[in-house]
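Here's a quick tour of a protein fold, written for someone who is just getting started. Have a look at the picture, then follow the bullets one topic at a time.

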Amino acid sequence: MQVSVKIPTRKEIEPLGVYVPGKPIEEVKREFGLTDIIKLASNENPYGCSELATQAVVRGMEKCALYPEGTAPELAAKLSARLGVAPEYFIIGNGSDEIIRLLTRSYIAAGDEAVMADVTFSRYETNVLIEGGVPVTVPLIDGVHDLAGMLKAISSRTKMIFVCNPNNPTGTIVGRSELLAFIEQVPRHIMLVIDEAYYEYVSDPDYLQTVPLLASHPNLVILRTFSKIYGLAALRAGYGMMQPSIVQELIKVKEPFNSNRMAQAAASASLDDPAFAADCARRNEAARTNLVAELKQLGLSCYPSHANFLMVKLDRSGDDVFQSLLAQGVVVRAGSLLGYPDTIRVSIGTEQDNQVFIEALRTILGPGGQSA
Ligand SMILES: *Cc1c(COP(=O)(O)O)cnc(C)c1O
């Protein structure tokens with residue numbers, strides 16, 4: 001006999017929903033009886049990862065019985081040499097998602113406010129709520145962070161600010177001089193977290209290089225990941241750069257072996273193959289340019305993206321278009337889940353993937369496209 005007893009959670013957890021990821025390929029195959037699925041839903045790298053990373057994982061498995069080094073010193077040293085930042089400024093996470101959680105775990109107390117864009121990466125809000133903090137959201141302007149509005153949103157309770165640059169889900173960047181001025185104006189007792197998960201995809205000269213500001217701005221935290229351009233999403237490897245004193249605080253609350261041996265090895269090996277990442281960036285940009293042009297022919301526009309995804313504006317429900325694409329074996333992200341009901345977010349695939357997506361979209365919208 002089953003007895004139902006509900007053990008109450010902490011009250012902060014009650015209103016939270018469960019993270020809805022991009023629909024996995026296996027699930028779509030089962031649901032629709034399809035065999036060929038194209039997943040353009042989670043901003044994954046369609047070119048896989050560096051061969052050096054694959055080899056490093058296999059080698060790492062030979063030591064699978066041994067715990068990894070908890071702070072990934074070899075990877076930190078390599079990043080340090082690459083980026084010209086002292087190794088003690090780095091913390092390696094089980095994905096940069098984990099670093100967001102470590103930051104809120106260490107610094108957000110009940111009632112503390114965290115300023116962020118509406119809409120941006122949802123993990124900021126969720127992690128702030130988990131700690132009993134208060135997300136203070138500032139609407140985007142034309143898909144771009146409203147930095148002036150975010151400054152105005154600062155109160156005596158503000159503890160943290162998140163800027164996602166490029167922003168997920170719109171793909172936009174904030175201008176170089178605007179962001180620099182913003183960084184100068186944020187009071188030093190407020191932590192400023194700049195999430196650069198798509199850093200390596202950006203080629204626009206109007207993109208601020210934040211790393212040189214670390215030394216002079218003790219409240220600055222920069223987040224990057226190996227999940228996107230390095231193609232290691234499954235392994236979970238991301239990193240944060242910040243004052244060593246902040247790193248030491250985060251280490252207090254992290255799991256001792258948060259970053260696994262294979263992830264560390266693969267991430268480290270990826271850095272030895274800069275040609276792979278450079279090639280991915282080039283192919284992404286070419287494919288993105290073509291995709292924007294094809295969408296335009298269908299009467300569709302997007303926010304100007306500097307990343308490996310596009311937010312496509314529709315004159316109808318993004319959920320409906322998402323479902324119709326799904327039935328044709330193309331998985332994208334319904335904008336409703338990201339705060340924009342009349343959009344879909346599509347990751348840039350290979351030229352071939354993108355063509356299948358465009359043809360599926362043409363079937364849905366009709367040959368004349370959206371305006372017809
Ligand atoms: C994908 C993504 C991350 C998280 O990546 P990890 O896989 O956890 O390293 C962080 N921020 C943004 C904006 C992302 O899009």
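## The four-stranded sheet

This is a predicted model, and a good place to begin is an open sheet of four strands, which pair in the antiparallel sense in the order S9-S10-S13-S12. Strand S9 (301-302) and strand S12 (333-334) sit at the edges with a single partner strand each, so one side of each has no neighbour in the sheet. After that come the other sheet, the cores and a couple of residues worth finding for yourself.

**More on this sheet**

- S12 runs antiparallel to strand S13 (residues 343-347), and two bridges join them.
- If you want to spot that pairing, look for Arg 333, which stands opposite Arg 345 in S13.
- Helix H11 (residues 318-327) lies across S12 and S13, and runs at about 45 degrees to S13.

**The seven-stranded sheet**

- There's also an open sheet of seven strands with mixed pairing, and its order is S2-S8-S7-S6-S5-S3-S4.
- Its edge strands are strand S2 (90-93) and strand S4 (134-139), each of which pairs on one side only.
- From one strand to the next, the twist averages 20 degrees.
- As a general point, strands of a sheet pair through backbone hydrogen bonds, and the pairing can be parallel or antiparallel.
- At the S2 end, S2 and strand S8 (residues 238-241) run antiparallel, with four bridges joining them.
- One pair to look for there is Ile 92 and its bridge partner in S8, Tyr 239.
- At the S4 end, strand S3 (residues 113-118) and S4 are parallel, paired over six bridges.
- Glu 113 is the residue standing opposite Val 134 in S4.
- To get from S3 to S4 the chain goes through H5, and this β-α-β crossover is right-handed.

**Strand S6 and its surroundings**

- Is S6 enclosed or open to the outside? Five of the five residues of S6 are buried, so the strand is largely enclosed by the rest of the structure.
- Met 191, Val 193 and Asp 195 point one way from S6, while Leu 192 and Ile 194 point the other way, and all of them are buried.
- S6 pairs with S5 in the parallel sense over five bridges, and Asp 195 in S6 has Cys 164 standing opposite.
- The chain travels from S5 through H7 to S6, making a right-handed β-α-β crossover.
- S6 also pairs with strand S7 (residues 220-225), again in the parallel sense, over four bridges.
- In S7, Asp 195 has Leu 223 as its bridge partner.

**Nonpolar cores**

- In soluble globular proteins, nonpolar side chains tend to be buried together.
- Here, the largest nonpolar core has 51 residues.
- Which residues have the most contacts inside that core? They are Ile 161, Val 163, Leu 179, Phe 182, Leu 192 and Phe 226.
- Leaving aside neighbours within four places in sequence, Leu 192 is in contact with residues including Ile 161, Val 163, Phe 182 and Val 186.
- Apart from that core lies another one, of 30 residues, among them Ala 41, Ala 287, Leu 314 and Ala 334.

**Lys 228**

- According to the UniProt annotation, from an unreviewed entry, Lys 228 is covered by "modified residue: N6-(pyridoxal phosphate)lysine".
- You'll find Lys 228 in the loop between S7 and S8.
- Is Lys 228 buried or exposed? Lys 228 has a relative accessible area of 15%, which counts as buried because the cut-off is under 20%.
- Setting aside neighbours within four places in sequence, Lys 228 is in contact with Ser 42, Asn 43, Asn 45, Ala 197, Tyr 198 and Tyr 201.

**Glu 125**

- Glu 125 belongs to helix H5 (residues 122-130).
- With a relative accessible area of 35%, Glu 125 is partly exposed.
- Glu 125 touches Met 116 and Pro 135, if you leave aside its neighbours within four places in sequence.
- How many residues apart in sequence are Glu 125 and Glu 62? They are 63 residues apart in sequence, and 39 Å apart in space, C-alpha to C-alpha.

Conventions. Residues numbered from 1 in each chain as written. Predicted model: local features only at pLDDT ≥ 70, side-chain atom pairs only at ≥ 80, totals over all residues. Heavy atoms only, no water. Pairing = 2+ DSSP bridges. Axes fitted to C-alpha atoms, helices over the stretch in contact; angles between N-to-C directions. Core = buried A, V, L, I, M, F, W, Y, C linked by side-chain atoms within 4.5 Å. Buried < 20%, exposed > 50% of the residue type's maximum accessible area, 1.4 Å probe, protein only. Contact = heavy atoms within 4.5 Å. Right-handed = clockwise from strand over helix to strand, strands pointing away. UniProt positions renumbered as here; feature names shortened; annotations may be inferred.
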